[in-house]
Amino acid sequence: MKKETKKENKLGFFVLILCLLLCFISVGYALWQQVFKGSKVNELDTATLILTLDETTSNGISLLNSIPVTDKKGQTFTPYTFKVRNSGTTDANYRLLIVNDTKKHNDDSCNDKKLQWDNIKYSLSKNEEAATTALLSDTAGVLNMGKLGVGQTDSYRLKLWIKSEAGNEIMNQHFHGLIRVEAIQGDQALPN
């Protein structure tokens, strides 16, 4: 009789565990299927950021067969002219850079003749302001940074030349460049 009681106890315990397991699974499934609705309204404001680079100089930015000249002489060169226009719906912080035109270097097969930036000087004027002059290597190609409001346009004049202190090692070297604009909404800062 004691063996039957132990069997019944084990069977009862097993049935109890099985019932509890089924209850947990049922309650878990019911909670998982539950849908909660909120009454909070989420709002999202958007704006468009459209900066246009308009280059009026069609022959590109290049230094070919150039010789070292003084800053005074470099300032007399014909400038590359271009405009940056904000036709979006938000102000923009922007960075204006000059970068190597690798496609042009490849097309001209002159990758091994790239003129180093520490030999290139530039002069940049914005909106008829006084021009700033520097070595391209000193600014890492960053020509200007600014903020452009909706509907505003900044006009630029860029002149490039080889610094007068450059030695004969620059002979037969080339520079092909592109203007690049990086921008972000006016309430944010450009990453470094």
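What is the mean pLDDT of the chain, and what share of its residues reach 70 or more? The mean is 83, and 91% of the residues reach 70 or more. Here pLDDT is the predictor's confidence in each residue, on a scale from 0 to 100.

Good morning, colleagues. The structure above is a predicted model, in which local features need pLDDT of at least 70 and side-chain atom pairs count only at pLDDT 80 or more, while totals for chains, interfaces and linings use all residues. Residues are numbered from 1 along each chain as its sequence is written, and side-chain values use heavy atoms, with hydrogens and water left out.

Allow me to begin with confidence along the chain. Strand 1, residues 51-55, has the lowest confidence, with a mean of 70. The highest is found in strand 5, at 94. Helices (H or I, at least four residues) and strands (E, at least two) are DSSP runs, numbered from the N terminus.

I turn next to strand 5 itself, which covers residues 120-126 and includes Ser 125. Is Ser 125 buried or exposed? Its relative accessible area is 11%, so Ser 125 is buried. For this term, buried means under 20% relative accessible area, exposed over 50%, and partly exposed in between, with a 1.4 Å probe and protein chains only. Setting aside residues up to four places away in sequence, Ser 125 touches Ala 130, Ala 131, Ser 155, Tyr 156 and Arg 157. Contact means heavy atoms within 4.5 Å.

Tyr 156, one of those contacts, leads to the aromatic residues. How many aromatic pairs does a search of the whole structure find? The search finds one. The ring centres of Phe 82 and Tyr 156 are 5.4 Å apart and the planes lie at 20°, so this pair is stacked. Phe 82 belongs to strand 3, residues 80-86, and Tyr 156 to strand 8, residues 153-162; the pair thus links distant parts of the chain, 74 residues apart. By the rule used, rings of Phe, Tyr and Trp (its six-membered ring) pair if their centres lie within 6.5 Å; planes under 30 degrees apart count as stacked, over 60 as edge-to-face and the rest as tilted. Both Phe 82 and Tyr 156 are buried.

Now to the charged residues. Side chains of opposite charge can pair when their charged atoms come close. A salt bridge is a side-chain nitrogen of Lys or Arg within 4 Å of a carboxyl oxygen of Asp or Glu, and by this rule the count comes to five. One of them joins Glu 182 and Arg 95, at 2.6 Å from N to O. Glu 182 lies in strand 9, residues 175-185, and Arg 95 in strand 4, residues 92-100, so the bridge ties together parts that are 87 residues apart in sequence. Arg 95 counts as buried, at 9% relative accessibility, whereas Glu 182 is partly exposed, at 25%.

Glu 182 also meets Arg 180 in a salt bridge, at 3.1 Å from N to O. Through shared partners, Arg 95, Arg 180 and Glu 182 are joined into one network. Arg 180 is partly exposed, with a relative accessible area of 39%.

A further salt bridge is formed by Lys 103 and Asp 107, whose closest N and O atoms are 3.0 Å apart. Both residues lie in helix 3, residues 102-107, four residues apart, about one turn of the helix. Both are exposed.

Let me move on to the loops. Asn 127 is placed between strand 5 and strand 6, the latter being residues 132-135. Its phi is near 50°, a positive value in a residue other than glycine, and Asn 127 is partly exposed at 32% relative accessibility. Ala 140, in the loop between strand 6 and strand 7 (142-148), likewise has a positive phi, near 55°. Ala 140 is exposed, at 54% relative accessibility.

In the loop between strand 7 and strand 8 lies Val 150, partly exposed at 44% relative accessibility. Beyond its neighbours within four places in sequence, Val 150 is in contact with Asn 86, Gly 88, Thr 89, Thr 90 and Asp 91.

Finally, where is Ile 25 placed? Ile 25 sits in helix 1, residues 2-33, and is exposed at 52% relative accessibility. Thank you for your attention.
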